[in-house]
Amino acid sequence: MRVHAYAAPGPSEPLAPTLIERREVGPNDVLIEIKYAGICHSDIHTVRGDWGPQPYPLVPGHEIVGIVTEVGSEVTRHQAGDRVGVGCMVNACRDCVNCRNGDEQYCLNGMVPTYGGVDRDGTVTQGGYATHVVVDADFVLSVPEGIDLAAAAPLLCAGITTYSPLRRSGAGPGKKVAVVGLGGLGHLAVKIAHALGAEVTVLSQSLKKQEDGLRLGANHYHATSDPDTFEQLAGRFDLIINTVSAHIDVDAYLGLLAVDGTLVNVGAPAEPLTLNVFSLIGARRSYAGSMIGGIRETQEMLDFCTEHHIGADIELISADKINDAYERVLASDVRYRFVIDTATLG
Ligand code: NAP
Ligand code: ZN
């Protein structure tokens, strides 16, 4: 099946319309008519080669929502007409200890990323900036009724990437949580941490988005460009989620943690981050990382967000605005996620 898509021809060329081939629907596959695809900063890191060489032409997009139009003979979990989503992975071995624990994203045999990976049939996977996709039913999530489909798209990556460490680190009543960077991930981290009952602080480069941050559920908002911020908030937080896509001064943020506090890095800049171990030793602090979440956990997140009326704040764009949107994301000029209306791809 040939379908319309937008692809990056190389690391420094703009994305352009193209046609790609989708495989035939196998016994355990689901054919999805994609309605919306979010633009994640990871799409930009990937196509620009920040994380290493890529197989071009490459169709990005791992925040996919749409409607099932066909299912394979063995599929029982989904049926035609269902509202569904696909995130950052489309397969894993399902047999290793991590897969068995529901951590398919850490599959010891290598999970198959939604784009730029090698699928089980040897072809290169192509992502969600397209009108249709065929995905193994076990990696297709249900998007509950009661959540706007376009606002749900960013939950498939930005939502689960922030929900997982917030949940696992016990964000909730009595806990002080800081979110660094108010972009796609950051704004969902604020909404989710607030819904979990935590006291939430936004640490943004400036105070430009303060009103938004407080509306999204933050209790406090500080500018990291103001050196007073780091003095005033020293030793304050139980948990910090760093969503920044660029270099940060890790030691400065570790200094904001209370004894036993944890800084979870979900931001994935091109260059390594470094730290002084005394920033950890001095208050029994932890520095951690986290990558998306497992399939079961992603479904739990979608159900949680529906129950708490959480969707992304989005700017819906047509396909011909994808390259402009990339530039705006790179300039931190996004409120708070660009989502592509895939009806404009054809
Ligand atoms: P985004 O929308 O661009 O948000 C990043 C935010 O970081 C910006 O809005 C900005 O917030 C802040 N920022 C940007 N440049 C900065 C700089 N030079 N110094 C300080 N702050 C800066 O990006 P996103 O889609 O949320 O993704 C964020 C990062 O997470 C990316 O690196 C992405 O690849 C990564 N990611 C990781 C996972 C995972 O599984 N771990 C999943 C998805 C994404 P302010 O304007 O408020 O300062
Ligand atoms: Zn992403």
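**A zinc site and a central strand**

Let me begin with the zinc ion, ligand 2, whose donors follow the spacing C-x21-H-x94-C along the chain. I should say at once that what we are looking at is a predicted model. The pair Cys40 and His62 links distant parts of the chain, 22 residues apart, with Cys40 in the loop between strand S3 (29-38) and helix H1 (41-47) and His62 in the loop between H1 and strand S4 (64-71). Taken with their atoms, the protein donors are Cys40 through SG, His62 through NE2 and Cys157 through SG, and they lie 2.0 to 2.2 Å from the zinc ion.

How buried or exposed are two of these donors, Cys40 and His62? Cys40 has a relative accessibility of 3%, and because buried means under 20%, Cys40 counts as buried. His62, at 7% relative accessibility, falls under that cut-off as well and therefore also counts as buried.

Let me now turn to strand S13, residues 237-242. Five of its six residues are buried, so strand S13 is largely enclosed by the rest of the structure. Which strands does S13 pair with? One partner is strand S10 (residues 176-180), which runs parallel to S13 and is joined to it by four bridges, and here Ala178 stands opposite Ile240 of S13. Another partner is strand S14 (residues 257-265), also parallel to S13, with five bridges joining the two; in this pairing Ile240 stands opposite Leu263 of S14. If you want one residue to follow on the screen, I would suggest Ile240, which stands opposite Ala178 and opposite Leu263 in S14.

Conventions: Residues are numbered from 1 along each chain as its sequence is written. Chains are lettered from A and ligands numbered from 1 in the order in which they are written. This is a predicted model: local features need pLDDT of at least 70, side-chain atom pairs count only at pLDDT 80 or more; totals for chains, interfaces and linings use all residues. Side-chain values use heavy atoms; hydrogens and water are left out. Donors are N, O and S atoms within 2.8 Å of the metal (3.2 Å for Na, K and Ca); water is not among the atoms, so sites may look incomplete. Buried means under 20% relative accessible area, exposed over 50%, partly exposed in between (1.4 Å probe, protein chains only). Two strands pair if DSSP finds at least two bridges between them.
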